[in-house]
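Work through the following exercises with the sequence and the three-dimensional view side by side. Each one sets a task and then solves it step by step.

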Amino acid sequence: MRILIVEDEKRLAEALEHILKKNNYTVDVVYDGEDGLDYIESGIYDVVVLDNMLPKMNGVDILREIRREGMDVPVIMLTALGEISDKVRGLDAGADDYLAKPFDTDELLARIRALGRRRGEIVADNSLSFGDISLDPSNLTVKYQGGEMELTLKECQLLEYLILHKNMVSSKEQIIEKLWGFDSEAESNHVEVYIHFLRNKLSAISKNVVISTVRGVGYTLKIKE
Ligand code: CA
């Protein structure tokens with residue numbers, strides 16, 4: 001899962017980045033409202049952690065704007081302690097959840113998991129199932145009949161992305177944006193390499209899950225008949 005943090009308090013932003021990365025999320029951080037809006041509009045995030053009081057544009061205005069544009073990315077609003085009216089405004093503007101500062105990072109992680117989960121198919125806890133496998137991104141393991149296998153971080157992120165977008169064809173560009181970020185220098189052969197690794201692993205553990213190539217378009221996860 002790729003998470004955007006929009007928070008102008010540098011130390012809090014860095015602490016959140018650190019804890020989310022430790023939990024195997026891909027994280028980007030921006031420090032003002034205008035950058036926040038730009039990044040959210042890229043459409044590559046699974047969850048946005050959005051502070052309310054921000055330079056240039058506040059969180060509630062960002063939220064109104066992206067909901068007006070029809071973007072349904074889950075958003076957790078952060079507000080200062082006790083600002084109940086902010087909570088109400090945030091929820092009215094289209095926030096999915098809300099945390100008052102100071103908050104417990106375990107609480108934030110639980111909320112993020114709950115929001116991210118809405119997009120996938122749930123088996124139990126944090127896992128995503130597809131065919132005869134289920135992926136647990138929190139510990140980089142994929143379970144299959146008779147065992148479990150560890151994946152590297154990128155393989156795990158790639159498989160997670162393909163499961164979450166199982167009914168569509170994902171282009172190499174979309175995968176690069178998701179796994180490396182849209183200003184990265186990763187190229188399409190990076191994707192090919194990781195698709196190759198992941199295919200090898202899937203063929204060893206799964207009887208029916210395959211990554212199929214749609215020539216000239218991209219990749220899609222399929223269940224073999
Ligand atoms: Ca702030």
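**Exercise 1. Find out in which sense strand 1 and strand 2 pair, and over how many bridges.**

Step 1. Helices (H or I, at least four residues) and strands (E, at least two) are DSSP runs, numbered from the N terminus, and two strands pair if DSSP finds at least two bridges between them.

Step 2. Strand 1 covers residues 2–6, and its pairing with strand 2 is parallel, over 5 bridges. One of the residues to look up is Ile5, whose bridge partner in strand 2 is Val29.

Step 3. Helix 1 (residues 10–22) joins the two strands in a right-handed β-α-β unit; right-handed here means that, with the strands pointing away from the viewer, the path from the first strand over the helix to the second runs clockwise.

Before going on, note that this is a predicted model, in which local features need pLDDT of at least 70 and side-chain atom pairs count only at pLDDT 80 or more, while totals for chains, interfaces and linings use all residues. Residues are numbered from 1 along each chain as its sequence is written, and side-chain values use heavy atoms, with hydrogens and water left out.

**Exercise 2. Decide whether the two faces of strand 2 are covered or open.**

Step 1. Buried means under 20% relative accessible area, exposed means over 50%, and partly exposed lies in between (1.4 Å probe, protein chains only).

Step 2. In a regular strand the side chains alternate between the two faces of the sheet.

Step 3. On one side of strand 2 are Thr26, Asp28 and Val30, on the other are Val27 and Val29, and all of them are buried, so that both faces are covered. The count for strand 2 (residues 26–30) agrees, with 5 of its 5 residues buried.

**Exercise 3. Describe the surroundings of Leu4 in strand 1.**

Step 1. Leu4 counts as buried because its relative accessibility is 0%.

Step 2. Contact means heavy atoms within 4.5 Å. When neighbours within four places in sequence are left aside, the contacts of Leu4 include Asp28, Val29 and Val30, and also Tyr39, Ile40 and Tyr45.

Step 3. For a distant residue, take Val209, which is 205 residues from Leu4 along the chain, with 30 Å between the two C-alpha atoms.

**Exercise 4. Examine three salt bridges and say where their partners lie.**

Step 1. A salt bridge is a side-chain nitrogen of Lys or Arg within 4 Å of a carboxyl oxygen of Asp or Glu, and this rule gives a count of 13 salt bridges.

Step 2. Arg2 and Asp28 form a salt bridge through their side chains, at 2.9 Å from N to O. Arg2 lies in strand 1 and Asp28 in strand 2, so the pair ties together parts that are 26 residues apart in sequence, and both residues are buried.

Step 3. A further salt bridge joins the side chains of Glu7 and Lys101, at 3.0 Å from N to O. Because Glu7 lies in the loop between strand 1 and helix 1, and Lys101 in the loop between strand 5 (97–100) and helix 5 (105–117), the pair ties together parts that are 94 residues apart in sequence. Both Glu7 and Lys101 are buried.

Step 4. In the salt bridge of Arg111 with Glu107, the closest N and O atoms are 2.7 Å apart. These two residues are 4 residues apart in helix 5, and therefore about one helical turn separates Arg111 from Glu107. Arg111 is partly exposed, at a relative accessible area of 21%, and Glu107 is partly exposed as well, at 34%.

Step 5. Salt bridges that share partners link Glu7, Glu9, Asp51 and Lys101 into one network.

**Exercise 5. Characterise the interface between domain 1 and domain 2.**

Step 1. Domain bounds come from an automatic or database domain assignment, which gives domain 1 (2–118) and domain 2 (128–223).

Step 2. The centres of the two domains, taken over C-alpha atoms, are separated by 27 Å, and 9 residues of domain 1 are in contact with 13 residues of domain 2.

Step 3. Buried area is the accessible area (1.4 Å probe) that two parts lose on being put together, summed over both. Between domain 1 and domain 2 about 890 Å² is buried, 47% of it on carbon and sulfur atoms. Arg2, Asn24 and Ile44 supply 56% of the area that domain 1 buries against domain 2, more than any other three residues.

Step 4. The rule finds 1 salt bridge across this interface.
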